[in-house]
Amino acid sequence: MNILIKIIYAIISVIVAIVWGLTLGGIVRKIYARVHGRYGPPIWQPFLDIIKSHGKRVSISHGIMFYLGPVFRFGGGLGTYLFIPVIYGSTVFANFSMAGDLLLVMYFIFFGQLGMALGAGEGGHPYSPLGIARGLSQMSTFELPFSLAVIAVAIQYNSLNITTIVAAQQGGILNWTLFTNPFAVIAAMISLLGMNMHSPFSLVLAPQEIPIGPPIEMNGSFLATLQTNRGLFGAAKLVLFMNLFFGGATNLPIMMIKTFLIYLVSVIIGASFPRFRPEQSFRFFLKWPTIIGIISIIFISYF
Amino acid sequence: MVNPIYIIILSLATGFLLSIIDKAGRKLSLTVFYSVLTFNVFVVADWLYRFTVLGVSTLTINTAGFKAPLSINLQLGIYESFVLLFANLVGLLSAIYLIKKFKESNISSLILYLILIMGVNGLVMTRDLFNIFVFLEILSISTYALTILTKNQKSLSAGFKYMIAGGVASTFFLLGVVFVYYFSGNLNLEFIDPNSLTNYGVIAIFLLAIAVFIELKPFPANGWALDVYESVDSGITSVIAVVNSAGIIFVFYKIMPLLPQNLLNIFGIAGVVTFFFSNLMGLKQQNAKRLLGYSSIGQMGLLVSALIFTMNSPNKLIYVIVGGFFINHLIAKAGLFWITGIVKKEKINDWGILKENKFLLILFGLLLFSLSGLPPFPGFWAKWEFIKLLVHGKMFFVVGVILLSSLFEVIYLFRWFTATVKNDSEIEEKIPFQFAKYFSTTVIVGISLIISVLMMRFVYNFQTIHYLPIIAVIIIYLLDFIPSKIKAILSLGAVGAYGYYIYPLENNLQLFFGIIFIVGSAINLIATFNRKKLSKGFYGFLLMMIFSFGNLLVAKTYLEFFLAWEFMTISSFILIMRGKRAQKASLLYMIFSTAGAYLLIVGFALAPSLVSNSALMVSIAKIQLPILSTILLAIGFMIKSGSLGVHIWLPEAHAEAESDVSPFISAILLKAGVLGLLMIGISYVNNTPTFNMFYWIGWIGVLTAIVGAFLASFQEDAKRLLAYSSMSQVGYIVASIAILSHLGWISALYLSFNHMMFKSALFIAIAGIYYRTHTRKMYEMGGLIKKMPLTYITVLIGIIAISGVPPLSGFGAKWLIYSSFIEKGWYLQAGVLFFSSAVSFLYLYRLIHTIFLGQLKYEHQNIKEAPIWFIIPQYIFIIGIMAISMFPNLIIQPLNSIVGHYFNSTIAIDGYNITSSLGNWNGNMVMLVTMGVFIVPLALLMLFNRKVQTVKQFNIVYAAERPESPQTTHVAHNMYAHFRKALGGWGKPRIWEFWHDSAEWAHTFGDFFRRIYTGNGQTYILHIILYIVVIYFIMGV
Amino acid sequence: MIKKTLVLIAIVGLLMVFWPLMSNFEFSQNLSELASNYVRGSVNELNTQNVVTSVIVTYRGLDTLGEVTVLFLATVGIGFLLGKRKGKKRPASELLQTTSSFLFALIVLFGVYIFTHGHLTPGGGFQGGVVIATAFLLLMLSDVNMKFNHTILQIVESFSGAFYIVIGIVGLVLTIGFLSAEIIPLGEFGKLISAGAIPIIYSFIGLKVGSELTNIIDTMRGE
Amino acid sequence: MIFTLILGFVLLLIGIYGMLSQRNLIKIIIGFSIADTGIHIIIVSIGYLRNRTAPILNSAVDISKAVQQVVDPIPSALVLTAIVIGLAVTALMLSFVVELYKKRKSLSIDDYQELKW
């Protein structure tokens, strides 16, 4: 019974997240278009895309792994999201966060990426491994500052449990990690740019070099699944950041606002910078954000 | 009982008459000749028996019907008879070895040989200084004459140099003798009272001693000896290297009491110096006999120093050390020189001819092993005790030099060995079979084995289990004719029996490692069922290795532990060497292992004696290791576990070993190092640590993890990739041991177990692929998922387990590690570990993608799934991984209790939920949720996917083109080029370069120093004179 | 150049090593205990006039045996080394030939005298042997193509050596000790028949040394 | 300071110098035997006692006081052995040289250093 309710709750929160995530995506595309001086697609365009993709009559598959790739990806998104308590104090949006702590979430992010990489790999298109190679490399590099930031947070709140971390930031904007541990937040936000794969770090999907990279062979429902996940996963990441650095959210609207604002940061930067070459991007992450991350740890553990 | 003077009388009389006897035919003279030699051996052996077993007291023989000092007297005691037995024995065997020559050549050679042996006997027995001089001359002159047994330019000039050098030495000896008489009024050793001598008298003694010492070929006054070793007939060379040396060293021993301690010490140091330089110079040597020459000069130096430094220690120790070195050198040298005579190849690179002749090869190997002081040969025990003695005497510098030199020796000996075994040049010529020569060599090897066993049995009285590794080798060697499948079954049974035999272990930590070592090995052993034909010699050494693993756990003393350790090294070395192109790999492995072993010797020597009689792993908790010992042991063990800086043997060994051996090395052998490190930790936490060494070990571990991950990502060879991955994983383990906290050790053990399982699975999987595709280059594969689905699943699960992606067991490890690091406050280390675990995705993806995904190559269009024998063990391990992923308590629970012995538990376990001070992890729930989030989208996808059309290879959107060939379409080669570029200077193999350069330097120095041996006899004399002068002034007598 | 200096250093160094031995040396005032025992012993125990002989042949008999062995080794070794050789020779002068032919017997006789009186007067086996050898040398010089019967040489050589040892063993058998002189009556001090086995041993030594040296010379001159 | 002893040592040093400085094999051997002779002289001079006679107990010495009248017999005994041994070694050396010369028609020690390092 209890578990059943949990599942129902989970479904609700997932749907909300997907909708919100996709909407955000729409908004962002709009903003991009405006920055570029175009009119841009309607905000609900992502929804249309998904429906369209599903509408395809045939979908080409290259084998089981290829078939499972999108599933892994979506599963990864779902899991990541489900292990995060989305809204502080809400039972509906608490998800399955009791299953583990921050480390679990961080590692579950890889679940989708790895699965997708495998699926794309079986596609046999040269661009997919190229994209994946770039993606993995970049991921490993921005993981460093991010993990440093997370460690700093863990030191600060002496816990890895997200709910605890959020709880500690309640009561006044000044309790946010943003203000109590600014370096960590800076480091983390820079790596978020990498995670969101907006330029200058849009190596993986780089349309001009390796047309959208890994998912190049994906079409039909496979593509649709990926697009759905893109919304969910995006939301999940933003929620995680919100929880860790921006005091979490006590209700849905606050969550939406905060996530939107967090997203906006990377969007603005993305809209205003050209793309790095791969090695440039890797070097970048291994240089400044890492140093900042180290500073944050020193800062938090000695001051 | 026969009066030993008859040895001299009989030999002499025969010598005088032999030319007459020969008139009646060579047969007769040979018979007489050999019977006299045999007679000598028996007389001496009989006396040794009396002295040792029956406890007869030392025998003194007066001549001319007067007592000493009036007349010259001989003495035969336990030492004399011991030395003489071996001298005469080798004399006899060498004569047998030379029988062909003796048949052909002039009768004079027999006479000379006979009198040479007589000379040694006299030399050893006589107690009169001047008489020593006479016998020394008899010995020398007969040797000079025999150097030209095979007469040629080289032997002649070498002989001449030898004579000149010997002449000079004996001149000084004579001078010494007369002045000793002048100062002491006596010539008989008993009656010369060293205290009565004035300080001018000491000069006389010095002249005596230095003359004998010159005969012992000290560096640098020993060029003549090298020339002799190189050019003279092998049979005679071994006599010179063994019989003469034995006699002369005994003379030195006899005059030692006359020398003041400070002079003696300098001689001891000179011996060590000789040992060092001769081995250093040996590094560069290519000529087999000259190489042996260098080695035996070195051994003499070592022997002298051992003789001097053990002078004031208890008898048993002297027997083990001096006797050990003596026998070891004697037997090994004789045997090796004989083998050079059989093989008849000058350059050691031409010795490939030997690998066709298995029997001789085995003899050769055994002799080399014994020469390099590996167990069970006497040299091993001698070295152990000697180092212990020196360490207790605080002579650390000497210890360092000796060990370094022995390392050099091991390097050139094993370079020779591996070059011989792995020689890939086509050899058509065969080694002719000459019974006599084989006979002597075999006998000498047999003797050394017998002595080894006797030593183990009676000096150290080990129980059977400690011989077990050797016994296994022997038994399997005897059974080598039966097909390998049966041998495999037998071995599996043996491993099981062994496990059952040691089963009731003292504590659970042992049990845990027992499971890794024994059970893990057993499962890995299944993969070897795939071997075809006989696979000679494989299972013996495999069992040897597995048993040694077990013995590490049950070892009760340092020595037992170290013995097991060395057996492990030997067996693994030979297993690695079985690989096709494994010369470099096995050599590197041997060198590093030996270095590690030497560190362990010193470390254990420094350690306080154990208080309780339980297994070392248990009793070590009760003692506090001195800090230096801790450091040395730690480095020793970290070499075995391939930590950063000393890791360069690891990839080679893993990659080049046979593909069903690699799992053992990676998954199990490395854990031996972990075990050792854990042992240090146990003693460390139970006793107040003096300085926080484990902090640095932690850093090394962390850096090992990251560097290993990067190196793995840049490999093209699947096995190298896995090797570096092992390095990185073991880095994690080392680091978490170094945390010295409850959570830390749980993570270490958890990861060890996990790593054992997934690395075995992966290596066996690669073995299967290699078996089918015959390549290890990943970019030559691709798309194999269609052909080898089962193997693919193994690899998939394996890499997920390594990467630490939930829900598989790997995540548990990661969770534990990070929690423990943050808990401990090692934040930066934790950050680096995060980074390396992110990097590990690079190589993991590369592994699975380049082999299984992408484009299938044409040549692999119709290959089959890996053989069943590879699949079975893989899946056993996979099941294990799944089990502990689903139910982490299966392992976390016991680990919690094991580590509970050493730290207070800091984690709470309720149900499947494990709570640390920082966070929590509910493995079971994670698994369920994951299944949920996996199944739901799958269901949805299947629901929405109306029509799925599976297309053939190459049906891809490629700019509307059909790509031309898999090779060009499959992105695999140098996959992370951009990352390498990003790393820039950090990508250089600095450590490899460091070791390479230091090797270069050593060789350069060796080459530089050996230039003093210009080959000019006159220069050699100059060396001798200058040496005498220099030593004189150093001693300041 | 460097070598020269090194040689110089070596020599000077050696000089410094020996210097204390030379500079502080003076003759001892009276015999060492051992020596005096020898002197007394050779009177009281061995009845030997020539103390040196008694020391050589009896007290330090083992040395002498060794010494003989060394000489033997040299002979054998040289034989082993050189083997049979050819060499061009020019005939000896008339004068030499005639003198040698009658000197030969005298010299041999003299040699025999020396080693039979070794225990009384200066001299002994070695000296006598050498003298004999010189006689043969003289022969070789005078008659360049003269051949020796090597078998005889060998037999003399071997058996004289063997007998020497046998005498030694007799001592051992009589449990006096190896190479003891007292195996036969010591006779009267200062007479030819005295000093026990010493003259016998010395004769064998003389024969052996003589034959050996002859052998050496012969091998060296070649045929 | 005794003349004979000095002489002995001087000969010894000269001999060794000869061995070290002469290139010719024969000369080296000569050096060796000079050194050997030096040693012999040293031995004999060690045995000498001032104004005493040879240890031969003929009419020249009073048997009862022999110990006070004769020089030390031991060195004389030793020197005899030493001489013979020296002779043996020298002979053997010379025959080596003969053989070497046969092989390579050269008496310079520098021509016999093919074995090195």
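Let's start with chain A and chain D: they do not touch, and their nearest C-alpha atoms are 53 Å apart. Chain A and chain C are in a similar position, since no contact joins them and their closest C-alpha atoms lie 60 Å apart. Please keep in mind throughout that this is a predicted model.

So who does touch whom? Four pairs of chains touch, and the most contacts among them are between chains A and B. At that interface, 60 residues of chain B are in contact with 66 residues of chain A. On the chain B side, the elements giving two or more residues are helix 32, helix 33 (827-852), strand 5, helix 36, strand 6 (947-950) and helix 38 (977-983). Which of these gives the most? That is helix 33 of chain B, with 13 residues. As for chemistry, the chain B side that touches chain A divides into 40 nonpolar residues, 16 polar and four charged.

Two of those elements deserve a closer look, and I'll take strand 6 of chain B to begin with. Four bridges join strand 6 to strand 1 (residues 58-61) of chain A, and the two strands run parallel. If you'd like a residue pair to click on, B:Lys947 in strand 6 is the bridge partner of A:Val58.

Now helix 36 of chain B, residues 923-944. This helix has 22 residues and reaches 32 Å from its first C-alpha to its last, close to the 32 Å expected at 1.5 Å a residue. Which residues of helix 36 are buried? They are B:Gly923, B:Val926, B:Met927, B:Val929, B:Thr930, B:Val933, B:Phe934, B:Pro937 and B:Leu941. What covers them comes from two chains: from chain A it includes helix 3 (64-82), helix 4 (102-123) and helix 9 (220-245). From chain B itself, the cover includes helix 32 (809-824), helix 34 (868-886) and strand 5 (920-922).

Last stop, chain C. What is chain C built from? It has eight helices and zero strands, so to speak α-α-α-α-α-α-α-α when read from the N terminus on. Its radius of gyration is 22 Å, whereas a compact globule of 223 residues would have one near 17 Å. Along its principal axes, the C-alpha trace of chain C spans about 60 × 55 × 35 Å. Of the 223 residues of chain C, 49% count as buried. And for the contact-map fans: among contacts in chain C between residues at least 6 apart in sequence, 71% join residues at least 24 apart.

That's my tour, and I'm happy to take questions.

Technical notes:
Residues are numbered from 1 along each chain as its sequence is written. Chains are lettered from A and ligands numbered from 1 in the order in which they are written. This is a predicted model: local features need pLDDT of at least 70, side-chain atom pairs count only at pLDDT 80 or more; totals for chains, interfaces and linings use all residues. The radius of gyration is taken over C-alpha atoms; the globule rule is 2.2 Å times the number of residues to the power 0.38. A residue is buried if 20 or more other C-beta atoms lie within 10 Å of its own, exposed if 12 or fewer, and partly exposed in between; C-beta atoms are placed from the backbone. Two residues are in contact if their C-beta atoms, placed from the backbone, lie within 7 Å. The expected span of a helix is 1.5 Å times one less than its number of residues. Ala, Val, Leu, Ile, Met, Phe, Trp, Tyr, Cys and Pro count as nonpolar, Asp, Glu, Lys and Arg as charged, and the others, Gly among them, as polar. Two strands pair if DSSP finds at least two bridges between them.
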